[in-house]
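The report below walks through one protein model, beginning inside its sheet and ending at the annotated sites and the ligand shell.

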Amino acid sequence: TDKEGGRRRFLLKLSGEAFAGGGGLGVDPDVVHKVAREIASVVREGAEIAVVIGGGNFFRGAELQQRGMDRARSDYMGMLGTVMNCLALQDFLEKEGIDSRVQTAITMGQVAEPYIPLRAVRHLEKGRVVIFGAGMGMPYFSTDTTAAQRALEIDAEAMLMGKNGVDGVYDSDPAVNPAAVKFDALEYSEVITRDLKVADATAVTLCRDNKLPILVFELLAEGNIGRAVKGEKIGTLVNG
Ligand code: UDP
C-alpha cells in the first residue's frame, strides 16, 4: 500500500556477515559505505527505509553456547554486536547526507533512542532512515524474526532480505551442490515444509500469518537494493 504522498515503506534486513567484508569479523567500512550509498539513493527517490542488521559478524548466541557459554548471556552479546553494525551504518548514511536514527530494543541512551514504534514511523515520514538495533531485546530470537516483527509493526509493505554471497533461495545449498536450483517465487508453506533457508521458522511463520512478502536477494551486488525497492525481478519472492 502506498503511503500518503505515494511514499513506499520497506524493512531492509541486512546480513551482519556481509558487513565484515572479507575479514569475517568486525566491520569493513568499505562495505558499510557501499550499502549506505545504495540506501541513500533509494531514500532520495522517495522510499521510506527501516533497517534491521544482523550480528553474525560479531557473535551468534547459538555458536557461543556450543562452546560452553550460557545461551541467554551469549544471545545478549549477539544483540549488542548488532548495535555496532547500526552505528557504522548510521555514520555512513550521515556522510551521504541522509538523516537516520538508531533505535535499540535494549536501552542505551548515550548511543541510541529506545525502540518507540510510533516515533520510528514519524522519523520515516520525515525521510529519515530508522535503524533497529539489539534485535527484539530477548534471547532465543533472531534478527530475522526481529525484522519481520518490526516490518509488521511499522506497516512496511515487504521485508527485503539482503544476503551475503547468495542471490536467492535454492532447493539445496548452492555452495555445496553445483546443481542446486534457484526459486524465483515460493509460497510460505513450501518454505516451511521443505525447510528452505529463507529465514528461521519463527520469522517465516510470522510473515505467513500476516501475509508479509519476503524478498531474498544478494546484498552486495551493485544496485540491488534499488532493484529490490522498485520491485524488479531479482532474487526469490516469498508470498501467497
Ligand atoms: N539475538 C537475540 N535476540 C534477538 C536478536 C538477536 O538473542 O532478538 C542474538 C542471537 O544470539 C543471534 C545474534 O543476536 O545469534 C546475532 O543475530 P543473528 O544471528 O540474527 O545475525 P545474522 O545471522 O542475521 O547476521
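Is strand β5 mostly covered or mostly uncovered, and how many of its residues are buried? β5 is mostly covered, since 5 of its 5 residues are buried. A residue is called buried here if 20 or more other C-beta atoms lie within 10 Å of its own, exposed if 12 or fewer do, and partly exposed in between, with C-beta atoms placed from the backbone. The model is a predicted one, in which local features need pLDDT of at least 70 and side-chain atom pairs count only at pLDDT 80 or more, while totals for chains, interfaces and linings use all residues. Residues are numbered from 1 along each chain as its sequence is written.

**The sheet**

Helices (H or I, at least four residues) and strands (E, at least two) are DSSP runs, numbered from the N terminus. In β5, residues V129, I131 and G133 point one way while V130 and F132 point the other way, and all are buried. Strand β3 (residues 100-104) has 5 of its 5 residues buried, so it is largely enclosed by the rest of the structure. Both of its faces are covered, with S100, V102 and T104 on one side of β3 and R101 and Q103 on the other.

Strands of a sheet pair through backbone hydrogen bonds, either parallel or antiparallel. Two strands are taken to pair if DSSP finds at least two bridges between them. On that basis, 9 strands form an open sheet with mixed pairing, in the order β4-β3-β5-β2-β1-β6-β10-β11-β9. The edges are held by β4 and β9 (185-186), each with a single partner strand, so one side of each is left without a neighbour in the sheet. Some of the pairings are set out below.

| Strand pair | Sense | Bridges | One pair of opposite residues |
|---|---|---|---|
| β3 and β5 (residues 129-133) | parallel | 5 bridges | T104 and G133 |
| β3 and β4 (residues 113-114) | parallel | 2 bridges | T104 and P114 |
| β2 and β5 | parallel | 3 bridges | V51 and I131 |
| β10 (residues 214-218) and β11 (residues 236-238) | antiparallel | 3 bridges | V216 and T236 |

T104 thus has a bridge partner in β5, namely G133, and another in β4, namely P114. Q103 of the β3 strand is in turn bridged to F132 in β5. Helix α2 (residues 29-44) lies across β1 (9-14), β2 (48-53) and β5, and runs at about 155° to β2; the axes behind that angle are lines fitted to C-alpha atoms, for helices over the stretch in contact, and angles run from 0 to 180 degrees between N-to-C directions.

**Annotated positions**

The UniProt record, an unreviewed entry, places the feature "domain: Aspartate/glutamate/uridylate kinase" at residues 9-217. UniProt positions follow the numbering used here, feature names are shortened, and annotations may be inferred rather than shown by experiment. Over residues 9-217 the chain is 41% helix and 19% strand, and the end C-alpha atoms are 18 Å apart.

The same kind of unreviewed record places "binding site" at K13, L14, S15, G16, G56, R60, N164, Y170 and D173. These positions span 161 residues in sequence and their farthest two C-alpha atoms are 23.6 Å apart, so they do not all gather at one spot. One of them, N164, sits in the loop between β6 (159-163) and β7 (169-170) and counts as partly exposed, with 19 C-beta neighbours inside 10 Å. Leaving aside neighbours within four places in sequence, N164 is in contact (C-beta atoms, placed from the backbone, within 7 Å) with S15, E17, A18 and L219. D173 lies in the loop between β7 and β8 (182-183), and with 10 C-beta neighbours inside 10 Å it counts as exposed.

Outside these annotated positions, E222 lies in the loop between β10 and α9 (224-230) and is exposed, with 10 other C-beta atoms within 10 Å.

**The ligand shell**

The ligand is surrounded by 22 residues, of which the closest are G54, G56, G61, G78 and G135; a residue is near a molecule if its C-beta atom, placed from the backbone, lies within 6 Å of it. Two or more shell residues come from each of α1 (16-19), α3 (61-66), α4 (71-95) and α6 (143-153), and α4 gives the most, with 4 residues. By residue type the shell divides into 6 nonpolar, 12 polar and 4 charged, where Ala, Val, Leu, Ile, Met, Phe, Trp, Tyr, Cys and Pro count as nonpolar, Asp, Glu, Lys and Arg as charged, and the others, Gly among them, as polar.

Technical notes
Contact = placed C-beta atoms within 7 Å.
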